[in-house]
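This report describes a protein chain, moving from the whole chain to its sheets, helices and cysteines. Please keep the sequence and the structure in view while reading.

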Amino acid sequence: MTQNIPVTRPLLPPLEEFLPYLEQIWQSGILTNGGDMHRALEQALCEYLGVEHIALFANGTLALVTALQALRITGEVITTPYSFVATGHSLLWNGIRPVFVDIDPHSLNIDPTKIEAAITPQTTAIMPVHCYGNPCDVRAIEAIADSYNLRVIYDAAHAFAVRDEGGSILRHGDLSVLSFHATKVFNTFEGGAIICPDEKTYQRINHLKNFGFVNETTVVAPGINGKMSEINAAFGLLQLRYIDTALARRREIDALYRRRLAGLSGLRCVELQGQSFANHAYFPVLIDEGFALSRDGLYEALRSRGVMVRRYFYPLISDFPMYRGLPSAAPACLPVAESISRSVLCLPIYPDLQDDEVESICAFIRESGEHRG
């Protein structure tokens, strides 16, 4: 292990295949504002994902902020502390108070059994996260939302192409939000999207992401500039040509890790919820006291050998200064999330990661865990 091996890297199709898209954009003279590439990518993604409407965004954080605006969410929103910080930030940017509840120790998603106790008269919505692409318990969450007349917005940043037995996981909730950042399974360099349940919601979201404009002289909402550029959309169209191959390769790498790390004391591979429909977006492992090194010790040892592992998600969102003063952010309220955050390590997984690199990583981990080397 002498070269830097990142935890993930973007899928980069051949440059020569991208050039015709760029030429078409240049000839059209339309670089943004819903051009041909933008419309083509929306249609292609609807077909691939099996959804009715999808609104593209410049990035996933703007999509989260806009989704909350589109549903006019106020007051308090129940969410998970175990996520990327944009989940919480999107709430604060809308003047909404996050209320954190603990996570399930197996899926690492929000624990539905903890949600009801966190509901107050100010609660208006639930924002769960399909963490690592593992689907949440959508039926339990839906039942709670229906009982208390709450909205559900899924942070589905990791969940591109994830399905359950009924189809796309993105069909659940009032809205689902995707990220197309370069580290994601499907990316447009930077980008994001909102899955919309109907035409009316789709149109409202399109107004909100374009300053509230309906036409040249009519503004109907205090919108933002969240539009995806034509170049980003073109890259997404090219990515879609290779996505099935990329997902298949991720599945192979996931299986190889599980075989090589099986039975190692003090290390647990996070379970997949509905493995046949997973996208293998990340490969998290949990390190406990049975391992010869601490989690941070293994992190430093791998990093020193050029394996750029990440501690996703450490610290918790609730540990950051703008959140830690909330009553729901107290560590005593979040024992599972606190424990997982201190033990998680995400190993590299991306389509061009080679088997011999995976074998080398696993061999070093086994040696470290068994006091050898």
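A residue counts as buried when its relative accessible area is under 20%. By that cut-off, 55% of the 373 residues of the protein chain are buried. The model is a predicted one, and every value in this report is computed from it.

**The chain as a whole**

The secondary structure of the protein chain consists of ten helices and 16 strands. Its radius of gyration is 21 Å, close to the 21 Å that the globule rule gives for 373 residues, so the chain is as compact as a globular protein of that length. Along the principal axes, the C-alpha atoms fill a box of roughly 70 × 55 × 40 Å. Among contacts with a separation of 6 or more, 70% join residues that are 24 or more positions apart. The protein chain exposes about 16000 Å², and carbon and sulfur atoms supply 52% of this area.

**The sheet of seven strands**

Strands of a sheet pair through backbone hydrogen bonds, in either a parallel or an antiparallel way. One open sheet has seven strands in the order β2-β10-β9-β6-β5-β3-β4, and its pairing is mixed. Strands β2 and β4 (97–100) stand at the edges with a single partner strand each, so one side of each has no neighbour in the sheet. On average, neighbouring strands of this sheet are turned by 25° against each other, direction ignored.

Both senses of pairing can be found here. Strand β2 (residues 53–57) pairs with β10 (residues 192–196) in the antiparallel sense over five bridges. Within this pair, Leu56 has Ala193 of β10 as its bridge partner. At the β4 edge, β3 (residues 76–79) pairs with β4 in the parallel sense over four bridges. There, Ile78 has Val99 of β4 as its bridge partner.

How many residues of β2 are buried? Five of its five residues are, so far as the cut-off of under 20% goes. His53, Ala55 and Phe57 point one way from the strand, while Ile54 and Leu56 point the other way, and all of them are buried. Helix α6 (residues 199–208) lies across β2, β9 (175–179) and β10, and runs at about 10° to β2.

**The sheet of three strands**

A further open sheet is made of three strands in the order β13-β14-β16, with antiparallel pairing. Strands β13 and β16 stand at the edges, each with a single partner strand, so one side of each is left without a neighbour in the sheet. From one strand to the next, the twist averages 30°. Strands β14 and β16 run antiparallel and are joined by four bridges. In this pair, Leu286 has Val344 of β16 as its bridge partner. Helix α7 (residues 230–261) lies across β13, β14 and β16, and runs at about 20° to β14.

The bridge partners named for the two sheets are listed together below.

| Residue | Bridge partner | Strand of the partner |
|---|---|---|
| Leu56 | Ala193 | β10 |
| Ile78 | Val99 | β4 |
| Leu286 | Val344 | β16 |

**Helix α9 and Arg295**

Helix α9 (residues 335–343) has Ala337, Glu338, Ile340, Ser341 and Ser343 as its buried residues. What covers them includes the strands β13 (267–269), β14 (283–287) and β16 (344–347), together with helix α8 (295–304).

Arg295 belongs to helix α8. Is Arg295 buried or exposed? Its relative accessible area is 4%, so Arg295 is buried. Leaving aside neighbours within four places in sequence, Arg295 is in contact with Ile287, Arg311, Tyr314, Ser341, Arg342, Ser343, Val344 and Leu345. Two of these contacts, Ser341 and Ser343, are also among the buried residues of α9.

**The cysteines**

The structure holds zero disulfides. A disulfide needs two cysteine sulfur atoms within 2.5 Å. Why is Cys269 without one? Its sulfur is 8.3 Å from the closest cysteine sulfur, in Cys362, and this is too far for a bond. Cys346 is likewise in no disulfide, as the nearest cysteine sulfur, that of Cys131, is 8.1 Å away. Both cysteines are covered: Cys269 counts as buried at 16% relative accessibility, and Cys346 counts as buried at 0%.

How values were computed:
Residues numbered from 1 in each chain as written. Predicted model: local features only at pLDDT ≥ 70, side-chain atom pairs only at ≥ 80, totals over all residues. Heavy atoms only, no water. Buried < 20%, exposed > 50% of the residue type's maximum accessible area, 1.4 Å probe, protein only. Helix = DSSP H or I, 4+ residues; strand = E, 2+ residues; numbered from the N terminus. Pairing = 2+ DSSP bridges. Contact = heavy atoms within 4.5 Å. Axes fitted to C-alpha atoms, helices over the stretch in contact; angles between N-to-C directions. Rg over C-alpha atoms; globule rule 2.2 N^0.38 Å. Areas by Shrake-Rupley, 256 points an atom, 1.4 Å probe, with all protein chains shown as cover.
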